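Here are a few short exercises to work through with the model open in your viewer. Try each task before reading its solution.

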Amino acid sequence: MAKRHQLSNNFALKKCSAEDHISKLPDEILVHILSFLTVKEAADTSVLSKRWLPLWTYIYRLDFNATKPLNEVALNPKRRKMYMKKYIRWVSRTLKMCKVERLDQFRISFDLNKFAQHKIDRWLEFAVARQVQRLELDLLDGGDLPQYSGSCYNFPVQHFGLNDYDYSAQPRLNKLPPLLHNFFKSLKVLLFKSVNLTGEVVEFFIYNCPSLEELTVHASETLVNLQVVGPSVKLKYLSIWYCIALKSLKICDTNLVTLSTTLSAARLVLVNVPMLIELHALGFPTNILDAMLSGISSCLLSQLEVLKINSDITIFGKHCEYGLVYLGKYKIPQLTMLKKFVLVLEAWEDRTFLDCTNVIEAAPQLTEFELNNLTALWYAGFPPEWNPDSGISFVLLLLSLVWIKPKRSKRECRKVARCPLHHLKVLKLYGYYGRTSELELVRYFLENAIVLEKILVDPIPLAFFRIEGEPRESKPVRIARKYAKLQLEREVPSHIELVIL
């Protein structure tokens, strides 16, 4: 008798008396199940049996996720070109095999630029022909950062009948070919990252897509002016970030619910947006505050339920730290409906965070406060194209990340006048390093948050870019965790849940 080959534990065949009921399900149900997987995961099921072999080619959610290759590129940038070629070959070959007639989602997520223009154009044609409802082109450098100047993929207006469009005229959706007409009519979600578009093209999508609810444009170098105006606009979520050429953003008479944008009083106009309850603001703290106190009406501030201030990162974080000082001097209008306040910054020095309590105390209904301190990350290296006078945010120029020890002082904890917080239940502190500034902030909440239920502490910040390796057990993180336990386990009462990650 021939010797049976031994399989690894991961792939060992197990005897099972139960029948395979899943494979007996109708094709439509199996395809529906597979459509919730990434393309690679769905394709892997073809090895199960002949019954499963063709099913994945009919999935209607094409998510070309490539997280693992991007992580490897982060560890070894020299592999970038090789993985780009592999990704392009993979997507192109897969689309040739796909038999689906309509798409719910088409997602490209990899480090691609203008040198892949022709291939990406063809992929878009594939998605448009299948009346995709959710179209995502996420082409960020390394999967996290905007492409360097001049290297962005350019949106192919000629393929959408927009190259000869008179943008000053009335919408002409009915004048487009049936294929494009049906595409614009079906589109619900549109995401462009590191894709060059003009304001006119973005507005065409907004005004000619009757079902469009979510729009994201990040790091477009050609977006200068944008207007979202009129009650006919169905848009609920709008995100305009890192568009360095943007001069004005006007939003009027719409039912927008969530707005994420670089905030400056000079460039943002918000008028009659009664449904707006979430504002995510990116920029220098002083610019954000100026915009909040002048460019945004107090009436609008009073309707916000979620406010996220994401301070622009600069060398040594000086602007962010001084911005905190300014925050303490501003008279913040009443945020009567605010439930959640998130502050993202890089505080290099051990300066107090208590200046942010101005916002906290202006929000009587606040239930959750989150601080994400990016000090634990340090940026090294500059691309040769960078000009310090260009106005481009330093965060756009990140090349590598290493852990560094933030500054810790021996000063006494500062106190502020007591102000009872009657509804605050959750406190989250990311990037905690055991400095006086962090300890005094915890003490502030312990003294004032009457119904506080949970404190979550994590030495690792919630970075919005990829971090090399796995830092969870690195030496700085272990030190930060040790300080957190020494400081907080004796401070936090037993009835409050303390979680130290």
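The exercises below concern a predicted model.

**Exercise 1. Find the helix that gives the most to the positive surface patch, and classify Arg93 as buried or exposed.**

Step 1: List the members of the patch, which are Lys81, Lys85, Lys86, Arg89, Arg93, Lys96 and Lys119.
Step 2: Look for the main contributor. Helix α4, spanning residues 80-97, gives the most, with 6 residues.
Step 3: Take Arg93, which sits in helix α4. Its relative accessible area is 54%, and exposed means over 50%, so Arg93 is exposed.

**Exercise 2. Work out which strands pair with β11, and in which sense.**

Step 1: Locate β11 at residues 258-262; 4 of its 5 residues are buried.
Step 2: Go to β9 (residues 237-241), which pairs with β11 in the parallel sense over 4 bridges. Here Ile240 has Thr261 of β11 as its bridge partner.
Step 3: Turn to β13 (residues 278-283), which runs parallel to β11 and is joined to it by 5 bridges. Thr262 has Leu282 of β13 as its bridge partner.

**Exercise 3. Place Ser194 and Ala219 in their loops, and decide whether each is buried or exposed.**

Step 1: Check the backbone. Ser194 has a positive phi near 60° although it is not glycine, and Ala219 also has a positive phi near 60°.
Step 2: Find the loops. Ser194 lies between β5 (189-193) and β6 (195-196), while Ala219 lies between β7 (214-218) and β8 (225-229).
Step 3: Apply the cut-off for buried, under 20% relative accessible area. Ser194 is at 0%, so Ser194 is buried; Ala219 is at 4%, so Ala219 is buried.

Definitions and conventions
Residues are numbered from 1 along each chain as its sequence is written. This is a predicted model: local features need pLDDT of at least 70, side-chain atom pairs count only at pLDDT 80 or more; totals for chains, interfaces and linings use all residues. Side-chain values use heavy atoms; hydrogens and water are left out. Patches are made of residues with over 30% relative accessible area and no salt bridge: like charges are joined within 9 Å, nonpolar side chains (Val, Leu, Ile, Met, Phe, Trp, Tyr) within 5 Å. Accessible areas come from the Shrake-Rupley method with a 1.4 Å probe; for residues, only the protein chains shown count as cover. A salt bridge is a side-chain nitrogen of Lys or Arg within 4 Å of a carboxyl oxygen of Asp or Glu. Lys and Arg count as positive and Asp and Glu as negative; His and the chain ends are not counted. The place of a charge is taken as NZ of Lys, CZ of Arg, CG of Asp or CD of Glu. Helices (H or I, at least four residues) and strands (E, at least two) are DSSP runs, numbered from the N terminus. Buried means under 20% relative accessible area, exposed over 50%, partly exposed in between (1.4 Å probe, protein chains only). Two strands pair if DSSP finds at least two bridges between them.
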